[in-house]
Amino acid sequence: LNSTFVFSQNSGAPLTIQGMEQFSLTGTRSLGMGGTVLGIGGNANSLFSNPSLLTTVKSLNVQVGGRSIFSTIKQRQEWHPDEYYAELSLVIEGTIRNVIDTLPQKLARPYDQITTGWERKKDTFSPGAIAVSMPFDFFETKWNVSAGVNEAISLETYFQNNNVLDPNIGAYRPSPVIRPKVGDSVKVQWYQFSRERTGSIYGYTLGGAVDFMENLTVGLSGTMYQGTSDDIQRRVDRGVFVLKTNNSSGFNVMRNDSVYNHITTTGTSDYSGVNGTIAASYRNQTFTISAVVITPLELTREWNQKTQQDSMGVSRLSTASGKEKITIPLQYSFGLALRPSSKVTVG
């Protein structure tokens, strides 16, 4: 369950690196134990979390798994009434539809039936991982070689905001937007925006481990990351607010002008990167202590997209492409497993 609090209404940021930091847990055991498996070995999935524990695999081991996710995403927006333009919050919330005009100056009203909140449900299935581990003895020493593929990063992301304002007159920090002077006006674009990314980055991993000395094992692995995603962004303009200050320096002088502007951007992104893992574990019959170091990862995203814009009867099509990178720094973790009995393990 993830909860996101959005304090600014100007949330129309385009898709760039969203989702590239969402690393996945691999295997039923890792999911069930919340990822606390650095000190717990026994199967080929140790390749993805702690390769030094591959020496605990006693015979040829094959692990295959998948993952189903049932998600519900929703947003609720609450507006604080504006001090100078009292009807603005009513227009954005949509509640002004129920207000009857009693003044000569007509109230501003929305031209659509879009509401402030939304809810979206989605069910997905993705292949989690397949890993093969082979133990063997060499010069009276235990060795292990393993290979596997797993969904390393889930790129699934979705966001929607039905009340994007540009300029962002809904912001109170770092300071509220100043009212226009008498005779001047401020035009504010008001639109609905959504963005979605679907896809995964898979890690192709080779690794091995050796009993370095009594009770001490060392493991190494290297991972090549490859993935792709489908990206889509939509903008539907809802109107243009014109805010004024009347001659008596009063308030609530505004109107909403209609506008037709639909922009849809679709495209694909390809991802790549390489990193490695170094791990060591000390274990005996009652406990295991592990240390894992993951080298820095530079993920590259290469993208291509096309944008269709329909505005006031004019249609335009444009294309664009580019490349960007994010660097995930060196990571290190420590794990502890306690075995108070042969049937109980605490990680």
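These legends describe close-up views of a predicted model.

**View 1. Strand 5 pairs with strand 6.** The two strands run antiparallel and pair over 28 bridges. Strand 6 covers residues 216-244. Strand 5 covers residues 185-213. One place to look is Ser-194, which stands opposite Arg-234 in strand 6.

**View 2. The hairpin of strand 5 and strand 6.** This hairpin has 2 residues between the strands. Asn-215 takes a positive phi there, near 70°.

**View 3. Strand 3 alongside strand 5.** Strand 3 spans residues 141-154. Its pairing with strand 5 is antiparallel and is made by 11 bridges. Val-145 has Gly-208, in strand 5, as its bridge partner. Val-145 returns in View 7, as one of the residues of a nonpolar surface patch.

**View 4. Strand 4 alongside strand 5.** Strand 4 holds residues 157-166. It joins strand 5 through 8 bridges, again in the antiparallel sense. Look for Phe-159, whose bridge partner in strand 5 is Arg-195.

**View 5. The cavity.** How many cavities of 30 Å³ or more does the count give? The count comes to 1. The largest cavity has a volume of about 70 Å³. In general, rolling a probe the size of a water molecule over the atoms shows where empty space is left.

**View 6. The lining of the largest cavity.** Which residues line this space? Leu-15 is one of them. Asp-231, Ile-232 and Gln-233 also take part. So do Thr-265, Thr-266, Gly-267 and Thr-268. Arg-301, Trp-303, Asn-304 and Gln-305 complete the list. The elements that give two or more residues to this lining are strand 6, strand 8 (261-283) and strand 10 (297-311). By class, the lining has 3 nonpolar, 7 polar and 2 charged residues.

**View 7. A nonpolar patch on the surface.** The patch has an area of about 1,100 Å². Leu-60, Val-62 and Val-64 belong to it. Ile-130, Val-132, Met-134, Phe-136 and Phe-138 are also members. Phe-139, Trp-143 and Val-145 are in the patch too. Strand 1 (61-75), strand 2 (118-138) and strand 3 are the elements that give two or more residues.

**View 8. Strand 2 in the patch.** Which strand gives the most to the nonpolar patch? Strand 2 does, with 5 residues. Val-132, a member of the patch, is found in strand 2. As a general point, side chains in a regular strand alternate between the two faces of the sheet.

Notes:
Residues numbered from 1 in each chain as written. Predicted model: local features only at pLDDT ≥ 70, side-chain atom pairs only at ≥ 80, totals over all residues. Heavy atoms only, no water. Pairing = 2+ DSSP bridges. Helix = DSSP H or I, 4+ residues; strand = E, 2+ residues; numbered from the N terminus. 1 Å grid on protein atoms, 1.4 Å probe; cavity = no way out; pocket = protein on both sides within 12 Å on 5 of 7 lines; lining within 4 Å. Points joined across faces, edges and corners; volume = space filled by probe spheres on them. Nonpolar A, V, L, I, M, F, W, Y, C, P; charged D, E, K, R; others polar. Patch = residues over 30% accessible without salt bridge, like charges linked within 9 Å, V, L, I, M, F, W, Y side chains within 5 Å. Areas by Shrake-Rupley, 256 points an atom, 1.4 Å probe, with all protein chains shown as cover. Salt bridge = Lys/Arg side-chain N within 4 Å of Asp/Glu carboxyl O.
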